[in-house]
Amino acid sequence: MSFAPRRREAAEAEERARLAPWAARSGESAGRLFAEAEHPYRTAFARDRDRIVHSRAFRRLEYKTQVFIRHEGDHYRNRLTHTLEGAQIARTLARALRLNEDLAEAVVLAHDLGHTPFGHVGERALNELMRGDGGFDHNRQTLRIVDWLERRNPAFHGLNLTFETREGLLKHGCSWPHPVEPPQRRAQPSLEAQVADFSDEIAYLNHDLDDGLRSGLLSLEQLEDVPLWARTRAEVAQRLGRAPQPVLRAQVIAALINRLVTDLVESSAAALAEARPASLAALREMPQPLLRYSAEVSQWKIGLKRFLFEALYHHPEVDKERQRCETALADLYRAFRNRPELLPASVRARFGDEGAPRAIADHLAGMTDRFALAEHAKLQRAGFTAEAPALPS
Ligand code: MG
């Protein structure tokens, strides 16, 4: 065994030997928008991951809402902890399926950077305010952040990530122009990108259940009607016997994650063994995505998702907060449109190139929950209210 440091070329050779034929290999990346010298030790995808973790947008995730808008407890998830839970699920999936862990992890770590304050409530409100100006979509905003809005390098805008990471962040089209060439869409994204999508969903379904139960907005009785929960809980109870309530809850959540991950690994491995795409290029042209649950678990998962939508995401307590957050964002947007002098000079400086609405949307989308509420309180003290003057037509 050699004790010399492992150089990037050696890491790339290990990837070629270890990964499945359809996995993404960092040594075969389609490259970055701006050519850069490779790193002596880190692979291209490891470098993408590191750039994402060091970005300003990543640090803001800590103060952005997942579901629970009021931060009434220190144990609830926020977008940062959601992202980290998703990333570790992605590593497990990628490792088991012989895919590129660094790439899957990079995509998950970046996938929520474009979220507005106040979660999907904020996204819907901003999309409504931007109607007629291209709208707003958090996935497209994520790509905009990594491709353009982050400024760390004198030579280029953005983080200059590889094509493969950017492809994983491109979910669907959007009607507003992108400042650089967007990654080209194929029939399917890489399996690493598919892993990132499933990991995001596994993470939020389970931690929202956990937070929902902890907050008292959901009850154990309600969940007995959800087959995936009921079956998993029965198995855990049989194994555990009597256990304190929080321990039982933690064990059921862990078993649920395990069940979804295991089923996904086994069903996808079977689908891949049958389809056997010769390469990543061949995989991108497959008519169906090859990462998939078994038919039974897929149905159960849909049932759980439906339950969470009805019982948690539209719970009257959550809805009550929703109104307040929508109003805050709308007030801020209108105030900034009518009185640009309220904006930081750096935002106003972008009016010429981007147009005022997009520059304001970027500013609003970048806000954390607490910053948006503080800005709104400042406006209210200055005399702007929900009856802020209408937009000039
Ligand atoms: Mg997410």
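**Figure 1. The largest nonpolar core of this predicted model, with 76 residues.** A nonpolar core here is a set of buried Ala, Val, Leu, Ile, Met, Phe, Trp, Tyr and Cys residues joined through side-chain atoms within 4.5 Å. Buried means under 20% relative accessible area, exposed means over 50%, and partly exposed is anything in between (1.4 Å probe, protein chains only). Ile52, Leu113, Leu209, Trp229 and Leu308 have the most contacts inside this core. Zoom in on Leu209 and you find it touching Tyr204, Leu218, Leu223, Trp229, Ile253, Leu256, Leu304 and Leu308, with residues up to four places away in sequence not counted. Contact means heavy atoms within 4.5 Å. There is also a second, separate core of 26 residues, which includes Leu129, Cys325, Tyr333 and Leu364. In soluble globular proteins, nonpolar side chains tend to be buried together.

**Figure 2. The whole chain, for orientation.** The protein has 19 helices and 0 strands; helices (H or I, at least four residues) and strands (E, at least two) are DSSP runs, numbered from the N terminus. Its C-alpha trace spans about 65 × 60 × 45 Å along the principal axes. The radius of gyration is 22 Å, which agrees with the value near 21 Å for a compact globule of 393 residues. That radius is taken over C-alpha atoms, and the globule rule is 2.2 Å times the number of residues to the power 0.38. Of the 393 residues, 52% are buried. Among contacts with a separation of 6 or more, 73% come from residues 24 or more positions apart. The exposed surface comes to about 18300 Å², with carbon and sulfur atoms supplying 52% of it; the areas are from the Shrake-Rupley method with a 1.4 Å probe, and for residues only the protein chains shown count as cover.

Two notes on reading all the views: residues are numbered from 1 along each chain as its sequence is written, and side-chain values use heavy atoms, with hydrogens and water left out. As this is a predicted model, local features need pLDDT of at least 70 and side-chain atom pairs count only at pLDDT 80 or more, while totals for chains, interfaces and linings use all residues.

**Figure 3. Helix 18, mostly covered.** Helix 18 runs over residues 356-366, and 10 of its 11 residues are buried. The buried set takes in charged names as well as nonpolar ones, including Arg358, Asp362, Ile360 and Leu364. (For charges, Lys and Arg count as positive and Asp and Glu as negative, with His and the chain ends not counted.) What do these buried residues pack against? The partners are helix 3 (56-60), helix 6 (119-129), helix 7 (138-149), helix 15 (316-338), helix 16 (345-348) and helix 17 (351-354).

**Figure 4. Ala361, inside helix 18.** Ala361 lies in helix 18 and counts as buried because its relative accessibility is 1%. Leaving out residues up to four places away in sequence, Ala361 touches Leu126 and Met130. Ala361 and Leu126 are 235 residues apart in sequence, yet their C-alpha atoms are 7.2 Å apart.

**Figure 5. Arg60, in helix 3.** Arg60 sits in helix 3 and is partly exposed, at 23% relative accessibility. Setting aside neighbours within four places in sequence, Arg60 contacts Ile145, Gly366 and Thr368. From Arg60 to Thr368 is 308 residues along the chain but 6.2 Å between C-alpha atoms.

**Figure 6. Trp22 and the loop between helix 12 and helix 13.** Trp22 belongs to the loop between helix 1 (8-18) and helix 2 (44-53), and at 11% relative accessible area Trp22 is buried. Beyond its neighbours within four places in sequence, Trp22 is in contact with Leu99, Leu191, Leu272, Arg276, Pro277, Ser279, Leu280 and Leu283. Ala278 lies in the loop between helix 12 and helix 13 and is exposed at 65%; its C-alpha is 6.4 Å from that of Trp22, 256 residues away along the chain.

**Figure 7. Two residues with positive phi.** Most residues other than glycine have a negative phi. Phe118, in the loop between helix 5 (101-110) and helix 6, has phi near 65°. Arg276, in the loop between helix 12 (245-275) and helix 13 (280-284), has phi of about 45°. Are they buried or exposed? Phe118 is buried at 2% relative accessibility, whereas Arg276 is exposed at 59%.
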